[in-house]
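Welcome! Please take a moment to look over the sequence and the model, and then use the briefing below as a guide.

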Amino acid sequence: MIMVERLFEELAGLEAVEAIALGGSRAGSHYDEKSDYDVYLYVTAPVPEAARREILSNYCSRMEIGNAFWEAEDNCTLSSGVDIDILYRNLDDFTRDVASVVEDFQARNGYTTCMWHNLRTCKIVYDRDGRLAAAKRRFDVPYPEPLRASIIGRNMCLLSGSLPSYDAQIAKAVRRGDLVSVNHRTAAFMESYFDVIFALNRLTHPGEKRLVSLCRAQCAVLPEDFEENIANLFGDLFTHPERVGGDLSRMVEALAPLTE
């Protein structure tokens, strides 16, 4: 941990870095020495890759500098063997994105409240001008009811009942024998399915990992046969694709009464 603290001190010394935050398990109390580091650097301008490489080379045994598969980031392994992902964000852009959800109630196709969750749960380790702390305070509000309705309305339509709904797309893919498409649209179905569940429970969306166990631990409201229905869907996905339509119908039928 001392090594990581020194790394943070060096990163904080970069002129463009205005705040540093820890996310994931390291932001809370449920982590061990092998837990990865998810680090968010809020910057006022791009930090040159050469400067990042120079600092990180003192702490990392492996570095991939300048990856941009999801966000601008450096993916590295510390000398201790623990992975560290460093993401570079503009705080104003990030705040506008969160505001569009929390204050303007704009639902997405799944994962609607993930960035809000990221901000609410992150641990600030450096905040030069206090702007990241101010953003946390701004969005430390009860779950807005209009947002809840927006998420549920949009994503229930995506699950079933509209012309482009995922269950209809999956049914067509099954008839074509297109298992790649079945897999692709089933993943999208699950994104909207969990978005609805977290919204029903007025919980921010924690991301893509351990969703079933998190729902079981945190959600007071869950569809009947929640885990059984998910297990049946994924059990049938490639072994009995002809059953997938029925699996999806049961999941939607169990969820729908909770949204009324």
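**A covered strand and its surroundings**

Let's start with strand S5, residues 83-89, which is mostly covered: five of its seven residues are buried. Please keep in mind that this is a predicted model. From S5 we can move to its partner strands, then to two cysteines, and finally to the largest pocket, whose lining includes residues of S5.

**Strand partners of S5**

- Strand S2, made of residues 37-43, runs parallel to S5, and six bridges join the two.
- If you want a place to look in this pairing, find valine 39, which stands opposite isoleucine 86 in S5.
- Strand S4, residues 73-78, also pairs with S5, here in the antiparallel sense and over five bridges.
- In that pairing, cysteine 76 is set opposite isoleucine 84 of S5.
- S4 and S5 form a hairpin with four residues between the strands, and glycine 81 in this hairpin has a positive phi near 95°.
- As a general reminder for viewing, side chains in a regular strand alternate between the two faces of the sheet.

**Cysteines**

- How many disulfides are there? The count comes to zero, with a disulfide taken as a pair of cysteine sulfur atoms within 2.5 Å.
- Cysteine 76, met above in S4, is in no disulfide, since the nearest cysteine sulfur belongs to cysteine 60 and is 4.3 Å away.
- Is cysteine 76 buried or exposed? Its relative accessible area is 3%, so it counts as buried, the cut-off being under 20%.
- Cysteine 215 is likewise in no disulfide: the sulfur of cysteine 219, the nearest one from a cysteine, is 4.0 Å away.
- Cysteine 215 is buried too, with a relative accessible area of 0%.

**The largest pocket**

- The largest pocket holds about 1,600 Å³ of space.
- Its lining is made up of 41 residues, and those nearest the centre are Asp38, Tyr40, Pro206, Gly207 and Glu208.
- Which elements give two or more residues to this lining? They are the strands S1 (17-23), S2, S4 and S5, together with the helices H3 (91-102), H4 (114-121) and H9 (211-218).
- H4 provides the largest share of the lining, with six residues.
- Sorted by class, the lining has 17 nonpolar, 13 polar and eleven charged residues.

Technical notes: Residues are numbered from 1 along each chain as its sequence is written. This is a predicted model: local features need pLDDT of at least 70, side-chain atom pairs count only at pLDDT 80 or more; totals for chains, interfaces and linings use all residues. Side-chain values use heavy atoms; hydrogens and water are left out. Buried means under 20% relative accessible area, exposed over 50%, partly exposed in between (1.4 Å probe, protein chains only). Two strands pair if DSSP finds at least two bridges between them. On a 1 Å grid over the protein atoms alone, a cavity is a set of points where a 1.4 Å probe fits but cannot get out, and a pocket is an open set with protein on both sides within 12 Å along at least five of seven lines; lining residues have an atom within 4 Å of a point. Grid points are joined across faces, edges and corners, and a volume is the space filled by probe spheres set on the points. Ala, Val, Leu, Ile, Met, Phe, Trp, Tyr, Cys and Pro count as nonpolar, Asp, Glu, Lys and Arg as charged, and the others, Gly among them, as polar.
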